[in-house]
Amino acid sequence: MTDTSTTAFAAAVERVRAGAAPADEAAALYAQLDETERLGLLDGDQPFWEGMAEMSQGYNVRPYVHGAVERLGIPGIRFVDGPRGVVSGHGTAFPVSMARGATWDTALEEQVGDAIGTELRAVGGNFFGGVCINLPRHPAWGRAQETYGDEPYHLGELGAALTRGVQRYAMACAKHYALNSMENARFTVDVTIDEATLHEVYLPHFRRTVDEGVAAIMSAYNSVNGEWAGQNHYLLTDVLRDQWGWDGITVSDFIWGLRDAAASLNAGLDLEEPFAQQRARDLPRQLEAGETTWELVERAGVRLLAAQLRSYARREQGDFPVELMASQAHRDLAREVARRAMVLLRNEPVDGTPVLPLDPSAIRSVAVVGRLATAPNMGDKGSSDVRPPSYVTPADGIRAAFPGATVTVVDQDDLAAAAEAARAADVAIVVAGFDERDEGEYVGAETMNRPELLALFPEQPDGGQASDAITAAAGEGNVVMTAGDEYGGDRTSLTLRPVDEELIRAVAAANPRTVVSVVAAGAVLMERWRHDVPALVMMWYAGMEGGHALADVLTGAHNPSGRLPFSVPTSEEHLPFFDRDATAITYDRFHGQRLLDRLGVQAAYPHGFGLSYTTFTVEDASAGELVDGALTVTARVRNGGDRDGRHVVQVYGRRAEGERAGETVVVGFAVAEVPAGQAVEVAVPVSLVPLSLWDAGAKRLRLPSGVAVELEVASHAHADDAVTLRVQA
């Protein structure tokens with residue numbers, strides 16, 4: 001590409017850096033383009049079938065380029081996917097977003113964003129498509145691993161933190177806007193939702209990233225209230241532009257993200273991704289027919305140029321060598337995030353002492369059981385799949401942490417061998433859960449061969465059949481899978497595999513000192529076995545250093561500090577209705593802990609739950625002055641044990657009167673390091689925006705004036721030792 005330091009684009013960047021308006025400079029650049037270049041801004045630069053052939057060899061192995069104009073030095077949108085790291089090249093595979101959500105630590109997530117931003121620059125990208133903040137209303141959703149939790153405030157704060165980190169180096173994109181929480185039916189389902197629920201539950205986290213200055217928002221595949229999200233005027237223009245006053249860019253999800261080129265442009269979608277597809281094929285004809293206008297082409301083009309100018313003027317300068325990819329510093333960060341994410345759910349005494357932590361100097365033999373014990377298992381094989389140069393399995397991490405012990409691994413579904421190994425060991429560790437075959441992104445050939453989806457593809461230059469090309473493009477390890485591979489998709493069961501449950505019971509019967517490590521993205525129903533084991537850890541998909549991190553937690557090298565970013569129910573009956581093949585569904589406001597509260601049932605593990613190797617108590621709390629819907633709660637947290645630890649102070653809010661009184665939601669949280677035997681004061685930022693009601697007339701969220709609000713300052717939702725405060729809105 002042309003040296004951008006001497007181009008028209010570079011000169012415009014310098015003027016923006018000196019204070020010029022990005023939109024004005026973008027308009028001046030746009031005026032220098034011819035009609036072909038102007039249309040070329042609005043989609044990918046690579047011809048569709050050439051791009052599909054390349055994708056068949058691996059998804060996003062290099063950045064996807066959109067709207068580059070070499071003669072003016074315009075770099076274009078150079079897309080690299082996420083969110084668990086940089087997909088192009090061989091970078092750091094961080095724990096999945098849901099694991100990072102379990103840290104409840106925005107400063108840590110900002111560090112992850114910073115690392116991702118530098119690696120993205122190292123592979124030549126300028127746009128990160130991995131700020132995923134969809135709300136998982138049901139744990140069966142296949143892509144729950146890509147988001148942070150099921151409470152809007154928590155989602156928004158973590159998404160904003162990742163945005164801050166990435167945007168020091170590149171443009172960040174929040175996705176999938178909106179109501180994307182079904183995988184198998186994502187190309188066909190229409191989600192019906194009322195306006196209040198949409199704005200109070202499913203959009204606040206997107207609004208939070210907008211307020212943080214996110215550069216882009218990606219539309220979803222699904223339809224919302226009868227219109228595809230990629231050409232939904234209400235979402236793309238009425239809400240984003242008119243109500244929120246946002247000046248970023250909107251981009252489609254890949255390949256099937258819109259159904260009509262003109263309709264998408266008219267609705268406010270700026271960019272079709274990732275190849276030259278529907279817009280390249282249809283927009284010239286649709287402009288000629290008056291179905292859309294050149295004024296709207298200019299509107300989108302100027303926005304796209306302004307976003308690039310804004311980012312290039314503000315981003316960090318310097319060299320970003322390839323050696324940054326999976327550097328030791330980034331591996332260390334991945335390990336720290338992974339161990340901070342793991343949630344200790346159960347730790348009962350055996351012979352008078354809790355099973356965990358394990359003392360490597362005292363243990364002579366360890367049995368490690370389960371098919372996932374020797375599997376890399378860093379997440380699904382879809383668009384978020386990172387290709388690190390190495391990985392540490394649970395068995396690897398345990399071997400390294402117990403150098404003086406005999407470590408016996410049984411990674412087959414062999415109950416007799418597992419029980420024998422457990423019986424002979426000082427401690428048994430079962431690694432059970434899911435992998436890319438059970439949950440994750442899914443595009444099956446049988447889905448893609450639907451006539452209405454094939455019609456979105458340009459004609460093949462050689463006259464071949466699109467269906468044949470789709471099948472040829474399919475392959476394990478890519479976003480496209482062949483029919484029958486059964487990779488990814490929405491979960492068919494919320495329990496572990498029957499053989500996993502049998503393994504757990506067999507191992508626990510053979511060795512009373514049994515630890516179960518669960519690998520999953522969302523809630524797992526554990527009622528058939530959780531009371532049979534003394535120790536239980538939620539490991540998540542823990543990234544390339546996950547095995548070491550698990551060992552850190554099991555041995556006490558790290559005092560567990562993760563807290564659930566959702567609740568775990570005792571029964572599937574306590575969850576919203578879910579049909580992974582539905583073509584139409586209605587979303588209401590009740591899911592997760594909110595639904596459990598409404599039903600009046602106890603969780604197996606409530607929202608925010610997690611144990612430690614020490615004890616924490618919230619002794620006291622007070623609320624500061626309420627200003628513009630925000631306040632600070634100051635809590636005194638005591639560590640009553642003999643180990644230093646990290647505690648998550650959570651604040652849950654509810655209106656004490658009026659409409660929807662008693663509905664409890666997350667309104668604030670903060671992480672505190674508390675030395676053994678000491679107490680610290682923790683300042684928790686709190687927002688009452690999650691308690692606001694939608695004002696349809698004013699088209700905004702509004703907290704009812706004068707309403708009494710109760711704040712529950714606690715270690716998890718509805719904790720017995722919570723401190724309750726009352727403030728007046």
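At what angle do helix α1 and helix α13 pack? I shall open with that question, and I note at once that the model before us is predicted.

Helix α1, residues 8-17, and helix α13, residues 294-314, pack at an angle of about 65 degrees. Their axes lie 9 Å apart. Because angles of 65 to 115 degrees count as roughly perpendicular, α1 is described as roughly perpendicular to α13. The crossing of these two helices is right-handed. On the α1 side, the residues in contact are Phe-9, Ala-12, Val-13, Val-16 and Arg-17. On the α13 side, they are Gln-308, Leu-309, Tyr-312 and Ala-313. Sorted by class, this contact comprises seven nonpolar residues, one polar residue and one charged residue.

I turn now to a second pair of helices, α14 and α21. Helix α14 spans residues 328-341, and helix α21 spans residues 546-555. The two pack at an angle of about 45 degrees, and their axes are 8 Å apart. The arrangement of α14 relative to α21 is therefore classed as oblique. Here too we find a right-handed crossing. From α14, Arg-335, Ala-338 and Arg-339 take part; they meet His-548, Ala-549, Asp-552 and Val-553 of α21. By class, the contact of α14 with α21 has three nonpolar residues, one polar residue and three charged residues.

Let us stay with helix α21 and consider Thr-555, which belongs to it. Is Thr-555 buried or exposed? Its relative accessible area is 16%, and since buried means under 20%, Thr-555 is counted as buried. Its side chain makes two polar contacts with backbone atoms that I wish to point out. One reaches the backbone oxygen of Asp-552, at 3.5 Å. The other reaches the backbone nitrogen of Ala-557, at 3.4 Å. Asp-552, I would add, is also one of the α21 residues that meet α14. Leaving aside residues up to four places away in sequence, Thr-555 touches Pro-357, Leu-358, Pro-360, Ala-401 and Phe-402.

Finally, I come to Asp-242. This residue is located in helix α10, which covers residues 233-243. Its relative accessibility is 58%, and because exposed means over 50%, Asp-242 counts as exposed. How far apart in space are Asp-242 and Ala-584? The distance from C-alpha to C-alpha is 28 Å, while in sequence the two residues are 342 positions apart.

To close, I would set two residues side by side: Thr-555 is buried, whereas Asp-242 is exposed. Thank you.

Key: Residues are numbered from 1 along each chain as its sequence is written. This is a predicted model: local features need pLDDT of at least 70, side-chain atom pairs count only at pLDDT 80 or more; totals for chains, interfaces and linings use all residues. Side-chain values use heavy atoms; hydrogens and water are left out. Helices (H or I, at least four residues) and strands (E, at least two) are DSSP runs, numbered from the N terminus. Buried means under 20% relative accessible area, exposed over 50%, partly exposed in between (1.4 Å probe, protein chains only). A polar contact is a pair of N or O atoms within 3.5 Å; within protein, one must be able to donate a hydrogen and the other to accept it, and residues adjacent in sequence count only if both atoms are side-chain atoms. Contact means heavy atoms within 4.5 Å. Axes are lines fitted to C-alpha atoms, for helices over the stretch in contact, and angles run from 0 to 180 degrees between N-to-C directions. Angles under 35 degrees count as roughly parallel, over 145 as roughly antiparallel, 65 to 115 as roughly perpendicular and the rest as oblique. A crossing is left-handed if the near helix is turned anticlockwise from the far one by less than a right angle, and right-handed if clockwise. Ala, Val, Leu, Ile, Met, Phe, Trp, Tyr, Cys and Pro count as nonpolar, Asp, Glu, Lys and Arg as charged, and the others, Gly among them, as polar.
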